[in-house]
2 protein chains.
Amino acid sequence: MARELLESEGSVGLSMRRLADRLGIRAPSLYSHFADKQALENALIADGLREFGELSLTAIQDDDPVAAYLVAYRTWANAHPHLYRLSYVEPLDSRVDPAAAERAGEAIRILTRGDQRAGRSLWAYAHGLSMLELDSRFGPGATVDDVWQFGIDALRAALRPQGG
Amino acid sequence: MARELLESEGSVGLSMRRLADRLGIRAPSLYSHFADKQALENALIADGLREFGELSLTAIQDDDPVAAYLVAYRTWANAHPHLYRLSYVEPLDSRVDPAAAERAGEAIRILTRGDQRAGRSLWAYAHGLSMLELDSRFGPGATVDDVWQFGIDALRAALRPQGG
DNA sequence: GTCTATATCAAGATAGAC
DNA sequence: GTCTATCTTGATATAGAC
């Protein structure tokens, strides 16, 4: 329910009062379930990280795992834009379940065979493109598909076993 | 003055009241200078975009323009983290001076010789890496320099005249 | 686990005088 | 261009009863 609210109204719309309204209870009652608002957000974030972790691990079972990973990443970000922002913009709160965060990064570690430098570059590209796309930074009506493809080609080349 | 406040306190710290305090006036007086808060932010953003535009145009006068551009981008983001976020996270308000936005993108257009696809990929990488670095997403004490270098190499290869 | 009542705070913005 | 006074809104969170 909190997730539906987040996705329909954005981060600013996710207030204790509005969430309580949707649940048909009063805001103070929420504090029986979550210590504070951050705890509520952390639960949402952890759920999302776990979900994306599963999704991306499935995606890289593909002939072209780099391309498949990036497509899965983009698809996730576009399907859950506000949850994506909540999860990836601003430092991660230290109380977010570490296992969830670990799960979200698993696919990229497999993909880059533990090369942290390559993994972080891949993540950065996916994150940057997702953010710019979500923020409509390429102008209205821009075709973003081929931008993703450009990076897919560049990164696949950089990640070739012999090259990386 | 607004910029100093933004950089020292972050976006949330940039309120009409706090800015007025710093200026030694009362908050309502600000509305003689700016129609609303968004107009104030837009002025800050336009200033930043122009500054980065000049800076990046100078940077690409280099033997290795791709590397120099990325270094300049990273340096700018790290030197003005809150202005960077204000300028590049969330859609750009339509009332921001278009000439400033155009100027900020000039260097990348030159660098990629007008190839929009390549230019947007380059921007996405720089943006993603900047954001993840500003948000401390690589963990405490992570070495980010070599991550940037990985992307520099990958993008330089992808942008070679014969390759792109 | 939920309620009412309330504390506390801070935000953007306007009216109208000087 | 600045002021005082004020409006309006909405947020997180706590105390204590049921």
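The largest share of the surface near DNA strand D, three residues, comes from helix H2 (residues 16-23) of chain A; a residue is near a strand if one of its heavy atoms lies within 4 Å of it. Helices, written H, are DSSP runs (H or I, at least four residues) numbered from the N terminus. The model is predicted, so local features need pLDDT of at least 70 and side-chain atom pairs count only at pLDDT 80 or more, while totals for chains, interfaces and linings use all residues. Residues are numbered from 1 along each chain as its sequence is written, chains are lettered from A and ligands numbered from 1 in the order in which they are written, and side-chain values use heavy atoms, with hydrogens and water left out.

**DNA strand D**

- Strand D is surrounded by 14 residues, the closest being Arg17(A), Arg26(B), Ser29(B), Ser32(B) and His33(B).
- Of the atoms of DNA strand D that come within 4 Å of the protein, 58% are accounted for by sugar and phosphate.
- The surface near DNA strand D comprises five nonpolar, four polar and five charged residues; Ala, Val, Leu, Ile, Met, Phe, Trp, Tyr, Cys and Pro count as nonpolar, Asp, Glu, Lys and Arg as charged, and the others, Gly among them, as polar.
- Polar contacts are pairs of N or O atoms within 3.5 Å; within protein, one must be able to donate a hydrogen and the other to accept it, and residues adjacent in sequence count only if both atoms are side-chain atoms.
- An N or O atom in the side chain of His33(B) lies 2.6 Å from a phosphate oxygen of DNA strand D.
- From chain A, a polar side-chain atom of Tyr31(A) is 3.2 Å from a phosphate oxygen of DNA strand D, and a side-chain N or O atom of Ser15(A) is 3.3 Å from a phosphate oxygen of that strand.

**DNA strand C**

- Around DNA strand C there are 14 residues, of which Arg26(A), Ser32(A), His33(A), Arg17(B) and Lys37(B) are the closest.
- Helix H2 (residues 16-23) of chain B gives the most to this surface, with three residues.
- Sugar or phosphate makes up 56% of the atoms of DNA strand C within 4 Å of the protein, and the rest belong to bases.
- A base oxygen of DNA strand C is 2.4 Å from a polar side-chain atom of Arg17(B).
- Phosphate oxygens of DNA strand C lie 3.0 Å from a polar backbone atom of Met16(B) and 3.3 Å from a polar side-chain atom of Ser15(B).
- By class, the residues of the surface near DNA strand C are five nonpolar, four polar and five charged.

**Relation of the two chains**

- A turn of 180 degrees and a shift of 0.0 Å along the axis lay chain B on chain A with an RMSD of 0.0 Å; copies are superposed by least squares on the C-alpha atoms of residues with pLDDT of at least 70 in both.
- The two copies are thus related as by a two-fold rotation axis.
- Gly128(B) has the C-alpha nearest the axis in chain B, 1.7 Å from it.
- The same surface serves both copies, with 100% of the contact residues of chain B recurring in chain A; contact means heavy atoms within 4.5 Å.

**Core and buried residues**

- The largest nonpolar core has 110 residues, and those touching the most other members are Tyr69(A), Leu70(A), Leu122(A), Tyr69(B), Leu70(B) and Leu122(B).
- Such a core is a set of buried Ala, Val, Leu, Ile, Met, Phe, Trp, Tyr and Cys residues joined through side-chain atoms within 4.5 Å; buried means under 20% relative accessible area, exposed over 50%, and partly exposed in between (1.4 Å probe, protein chains only).
- Beyond residues up to four places away in sequence, Tyr69(B) touches Phe52(B), Ser56(B), Ile60(B), Ala107(B), Ile108(B), Leu111(B) and Leu122(B).
- Ala126(A), in helix H8 (residues 116-134) of chain A, is buried at a relative accessible area of 0%.
- Arg74(B), in helix H4 of chain B, is also buried, at 17%; not counting residues up to four places away in sequence, Arg74(B) touches Ser130(B), Glu133(B), Val144(B), Asp145(B) and Trp148(B).

**Helix H5 and positive phi values**

- Helix H5 (residues 81-88) of chain B is largely enclosed by the rest of the structure, because six of its eight residues are buried.
- The buried residues of H5(B) pack against helices H1 (2-9), H3 (37-59), H4 (65-79), H6 (98-104) and H8 (116-134) of chain B.
- Just after H5(B), Glu90(B) adopts a positive phi of about 80 degrees.
- Glu90(A), in the loop between H5 and H6 of chain A, has a positive phi near 85 degrees and counts as partly exposed at 43% relative accessibility.
- Ser136(B), in the loop between H8 and helix H9 (145-158) of chain B, has a positive phi of about 50 degrees although it is not a glycine.

Technical notes: Helix = DSSP H or I, 4+ residues; strand = E, 2+ residues; numbered from the N terminus.
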